[in-house]
Amino acid sequence: MKFCVLMASPRPKGNTVELLKPFLAELEYHKSEITYITLSDKDIKPCKGCYTCQNVSDEYGCIQQDDVADIMNEIIACDCVVLATPIYSWYCTAPMKALLDRHFGLNKFYRSAQGSLWEGKKVAIITTHGYDREYGAGPFEIGIKRLCEHSKLKYLGMYSVRDEDDLVSFQTEEAVNGAKAFARKILACEY
Ligand SMILES: Cc1cc2nc3c(=O)[nH]c(=O)nc-3n(C[C@H](O)[C@H](O)[C@H](O)COP(=O)(O)O)c2cc1C
């Protein structure tokens, strides 16, 4: 399976990266192909809401000159998108939110162009948060589930660990084994 991992923490040695380590190691062990993108290194402009992409068929079709078209091409080329983010203000961080808004050009639902450039892709979440899972990460999961339903993507679930003691929280046997098990669960999803 081909993965596109979108990492949205601004901390290159932070909790989310730490939690991703065993997850990625397990995917690699099973010979998965992985494209890893650190979103804070990328130029991701906010959506202008111009709807130009909705009149362009068969390609992403956004007029903005930044890194998003390349990221979208990686999404189009993969089987499974992994949204890896800390929770900031009950949602993902700003670069991921800007990218999610820019998904519009993948869904040709609103003007003359028709169809989808990503229908059927799998989507999974890996997240870290300060509050407990439901209170901290629940709203983000609800938003992503809704996006998947609307865009006809296959939502595979969320693996999350609470930040109770900074990096140490993500290095426990439970956190590491959970991340590996989540990777195996995704690899086993054939639907
Ligand atoms: C600006 C900011 C906003 C945050 N907002 C939330 C929040 O709304 N809910 C929550 O559960 N945790 C929140 N947190 C805690 C982080 O999600 C948590 O510490 C996370 O593990 C940080 O991951 P990182 O080291 O990969 O950046 C926030 C942290 C920061 C710095």
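This section describes the fold, the central sheet, the ligand surroundings and selected residues of a predicted model.

The chain contains five helices and seven strands. From the N terminus onward, these elements succeed one another in the pattern β-α-β-α-β-α-β-β-β-α-β-α. For 191 residues, a compact globule would be expected to have a radius of gyration near 16 Å, and the value of 16 Å computed for the chain agrees with this expectation. Along the principal axes, the C-alpha atoms occupy a box of roughly 50 × 35 × 25 Å. Of the 191 residues, 38% are buried. When contacts between residues at least 6 apart in sequence are considered, 76% of them connect residues at least 24 apart.

Five of the strands assemble into an open sheet with the order β2-β1-β3-β6-β7, and their pairing is parallel. The edges of this sheet are formed by β2 (33-38) and β7 (154-162); each has a single partner strand, so one side of each lacks a neighbour in the sheet. From one strand to the next, the twist averages 15 degrees.

Strand β1 comprises residues 2-7 and is connected to β2 by six bridges, the two strands running parallel. Along this pairing, Lys2 is placed opposite Glu33 of β2, and Phe3 is placed opposite Ile34 of β2. Strand β1 is mostly covered, with five of its six residues buried.

Two helices lie across a shared set of strands. Helix α4, which spans residues 133-151, lies across β3 (80-86), β6 and β7, and its direction makes an angle of about 165 degrees with β7. Helix α5, which spans residues 173-188, likewise lies across β3, β6 and β7, at about 175 degrees to β7. In helix α3 (residues 94-101), the buried residues are Pro95, Met96, Lys97 and Leu99. The elements that cover these buried residues of α3 include β1, α2 (68-77) and β3.

The ligand is surrounded by 16 residues, of which the closest are Ser9, Gly14, Thr16, Pro86 and Gly136. Helix α1 (15-29) and strand β6 (122-129) each contribute at least two residues to this shell. By residue class, the shell consists of five nonpolar, nine polar and two charged residues.

Two individual residues illustrate the sheet and a loop, respectively. Val81 is located in strand β3. This residue has 21 C-beta neighbours inside 10 Å and therefore counts as buried, the threshold for burial being 20 or more. Leaving aside residues up to four places away in sequence, Val81 is in contact with Cys4, Leu6, Ile75, Lys121 and Val123. The contact partner Val123 is 42 residues from Val81 along the chain, yet the two C-alpha atoms are separated by 4.8 Å.

Gln54, by comparison, is located in the loop between β2 and α2. With 18 C-beta neighbours inside 10 Å, Gln54 counts as partly exposed. Apart from residues up to four places away in sequence, Gln54 touches Lys108, Tyr110, Arg111 and Ala113. Gln54 and Ala84 are 30 residues apart along the chain, and their C-alpha atoms are separated by 28 Å.

The backbone conformation of two lysines was also examined. Most residues other than glycine have a negative phi. Lys31, in contrast, has a positive phi, near 60 degrees. Lys31 belongs to the loop between α1 and β2 and is exposed, because 8 other C-beta atoms lie within 10 Å. Lys152 also has a positive phi, of about 55 degrees, although it is not a glycine. Lys152 belongs to the loop between α4 and β7 and is exposed, with 12 other C-beta atoms within 10 Å.

Definitions and conventions:
Residues numbered from 1 in each chain as written. Predicted model: local features only at pLDDT ≥ 70, side-chain atom pairs only at ≥ 80, totals over all residues. Helix = DSSP H or I, 4+ residues; strand = E, 2+ residues; numbered from the N terminus. Rg over C-alpha atoms; globule rule 2.2 N^0.38 Å. Contact = placed C-beta atoms within 7 Å. Near = placed C-beta within 6 Å. Nonpolar A, V, L, I, M, F, W, Y, C, P; charged D, E, K, R; others polar. Pairing = 2+ DSSP bridges. Axes fitted to C-alpha atoms, helices over the stretch in contact; angles between N-to-C directions.
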